[in-house]
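Subject: Structure to look through

Hello,

Please find below the structure I promised to hand over, followed by some notes on what was found in it. It may help to keep the view open while you read.

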Amino acid sequence: MEFPIRTLDRTCLIILVVVTLICGYVSVSRAIKHKRQVEQENDLLSKRTEDLALAETSLQRLNWLLESTRSELKVLNESIPDSAKMGQFLKRLHGYMNDRGLVLVSLQPFEPVKERLYTRIPLRLVFKGPFVEVYRLLSDLETMSRTLVMEKMLISRSIIDQQCQVELTASVFER
């Protein structure tokens, strides 16, 4: 049985059209699949970029908090140092007294008192000068960066030279 040439041409043409459609469908479906994959990767990259920006902002905030905490800790360490640093304290006290024109009559340190978290070192100061300058010295001592607790104070005034004599018991601290 012989096929007429026309039928053979039509069959080949139909097969060619079907193969072309199948190849076109496969190519288009692969392109769509690839496009979806690229979109997913772009979405993932943009999300990671946003997450990275958020993490960077959080890191900057944490660095700022860390610096803030370090400066607070530094202030606290200056307020109550590891060692008494009595030399620095006495030098600062001497500077305050010279600035105010006061005369230090005596300075007597007492035995350190060990507390749970710190050691308290009591000092007894006796000094003379005008009342206004005594007041200013006390203000200087209260506002200095070093923690100083004034425990007992006695101010007496001399009739002869109109000077005040101050007996002050104060404590400095160390850790």
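A residue is called buried when its relative accessible area is under 20%, exposed when it is over 50%, and partly exposed in between, using a 1.4 Å probe and protein chains only. This is a predicted model, in which local features need pLDDT of at least 70 and side-chain atom pairs count only at pLDDT 80 or more, while totals for chains, interfaces and linings use all residues. Residues are numbered from 1 along each chain as its sequence is written, and side-chain values use heavy atoms, with hydrogens and water left out.

I would start with strand 3 (helices, H or I of at least four residues, and strands, E of at least two, are DSSP runs numbered from the N terminus). Strand 3 is mostly covered, since 8 of its 11 residues are buried. Strands count as paired if DSSP finds at least two bridges between them, and strand 3 is joined in the antiparallel sense to strand 5 by 11 bridges and to strand 1 (residues 103-109) by 6 bridges. In the pairing with strand 1, L104 stands opposite F127, and in the pairing with strand 5, R124 stands opposite T169.

F127 also belongs to the residues with the most contacts inside the largest nonpolar core, together with L137, L141 and L168. Such a core is a set of buried Ala, Val, Leu, Ile, Met, Phe, Trp, Tyr and Cys residues joined through side-chain atoms within 4.5 Å, and this one has 19 residues. Helix 2 (86-100), strand 3 (119-129), helix 3 (131-143) and strand 5 (164-174) each supply at least two residues of this core.

Then there are the salt bridges (a side-chain nitrogen of Lys or Arg within 4 Å of a carboxyl oxygen of Asp or Glu), of which the count comes to 5. In one of them R120 pairs with E151, with the closest N and O atoms 3.2 Å apart; R120 lies in strand 3 and E151 in strand 4 (residues 148-157), so the pair ties together parts that are 31 residues apart in sequence. Another joins E167 and R124 at 2.9 Å between the closest N and O atoms, and this pair links strand 5 to strand 3, 43 residues apart. E133 and R136, whose closest N and O atoms are 3.0 Å apart, both lie in helix 3, 3 residues apart, about one turn of the helix. Is E133 buried or exposed? At 18% relative accessibility E133 counts as buried, whereas R136, at 38%, is partly exposed.

Best wishes
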